[in-house]
Amino acid sequence: MSFGAPHRHYQRTDSTNARARELVEAGALGGTVVTAAEQTAGRGRQGRSWTAPPGRALLYSAVLRPLDERHLLLPLAVPLAVCATAEELVPGIDCRIKWPNDIWVEGRKLAGVLIEAKPQDGWAIIGVGLNLTITREEFPAELRDTAVSLFDLNKGSRGEVWGMPREAAHRREIPAAKPLQHSERSASEANPGTSPGLPSTPTAAATALNRHLDRWVAADPDETLAAWRSRDALRGRELSWDGGSGVADGIADSGDLVVVAAGGDRVVLGAGEVHLRL
């Protein structure tokens with residue numbers, strides 16, 4: 001199985017995860033991808049909303065089927081794929097992962113992951129939101145100091161486009177996106193503020209993410225754990241949750257968070273159990 005075909009694109013929908021769930025329940029094959037230029041009811045973890053101006057973020061959901069014991073570390077593998085995608089689009093940035101599912105650069109949130117699984121039926125929906133060309137002013141006021149986009153990360157580079165000299169950017173070969181099905185226009189057409197073919201388009205970002213998901217979803221567990229630990233944004237940081245506080249001490253082999261509490265006890269926290277406060 002590889003991600004990206006078939007690919008269904010919407011100009012506007014409530015949630016790409018909701019559309020992907022409808023497709024998988026109707027028998028969609030593993031690797032099916034749903035994208036949208038705009039979401040009206042995008043969702044994050046623990047019921048949070050995910051919003052982005054039309055055409056300025058990658059709004060992406062993919063079907064993983066069959067889902068089996070090989071995918072026990074899927075919640076770790078997907079953020080690794082998103083990090084690799086962002087670092088490909090803007091060379092030189094350093095992505096970190098805030099357990100369990102946020103991608104940070106320079107302490108600000110660049111992307112989020114929402115995985116919805118139905119193990120008894122053998123499938124999962126991989127949801128990703130990646131900020132591409134959102135300016136600081138376009139973020140809601142309460143997020144301007146905590147969120148970031150690839151545009152913000154690179155706009156200070158004089159004479160460069162997305163981390164490379166301008167003349168090189170025009171020569172760079174971008175992998176062609178797979179044809180979009182059931183769409184009125186491609187994602188790049190939905191993003192008129194960017195130049196065709198540059199990595200800022202949702203189409204190119206989706207193509208890169210397809211490739212990195214292929215690699216990390218099938219990766220060896222030891223490789224996944226080692227790579228995730230090398231990107232751990234919380235280790236050594238003080239945090240609290242409903243019921244306790246302590247210092248983050250990495251992740252267990254299960255992917256759960258390990259915290260050293262004030263009395264020295266080691267506490268293991270599952271992603272579905274806690275809301276962390278830093």
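**Core, cysteines and helix H5 in a predicted model**

Biologist: What share of contacts in the protein between residues at least 6 apart in sequence join residues at least 24 apart?

Modeller: Contact means heavy atoms within 4.5 Å. Among contacts between residues at least 6 apart in sequence, the share that joins residues at least 24 apart is 64%.

Biologist: What ground rules apply here?

Modeller: This is a predicted model, where local features need pLDDT of at least 70 and side-chain atom pairs count only at pLDDT 80 or more, while totals for chains, interfaces and linings use all residues. Residues are numbered from 1 along each chain as its sequence is written, and side-chain values use heavy atoms, with hydrogens and water left out.

Biologist: How many of the residues count as buried?

Modeller: Buried means under 20% relative accessible area, exposed over 50%, partly exposed in between (1.4 Å probe, protein chains only). The protein has 278 residues, and the buried share is 50%.

Biologist: Which helix gives the largest share of the largest nonpolar core?

Modeller: A nonpolar core is a set of buried Ala, Val, Leu, Ile, Met, Phe, Trp, Tyr and Cys residues joined through side-chain atoms within 4.5 Å. The largest has 56 residues, and Tyr-60, Leu-110 and Leu-150 have the most contacts inside it. Helices are DSSP runs of H or I, at least four residues, and strands are runs of E, at least two, numbered from the N terminus. With 11 residues of this core, the largest share comes from residues 74-89, helix H2.

Biologist: How many residues are in the other core?

Modeller: That core lies apart from the largest one. Its members include Ala-20, Leu-23, Val-24 and Ala-28, and its size is 8 residues.

Biologist: Why is Cys-83 not bonded to Cys-95?

Modeller: A disulfide is a pair of cysteine sulfur atoms within 2.5 Å. Both residues are buried, Cys-83 at a relative accessible area of 0% and Cys-95 at 0%. The sulfur of Cys-95 is the closest cysteine sulfur to that of Cys-83, but too far for a bond because the distance is 4.5 Å.

Biologist: Is Ala-208 buried or exposed?

Modeller: Ala-208 is found in helix H5, residues 202-217. Ala-208 touches Thr-85 and Glu-88, not counting residues up to four places away in sequence. With a relative accessible area of 2%, Ala-208 is buried.

Biologist: How far apart in space are Ala-208 and Ala-84?

Modeller: In sequence, Ala-208 and Ala-84 are 124 residues apart. In space, C-alpha to C-alpha, the distance is 8.7 Å.
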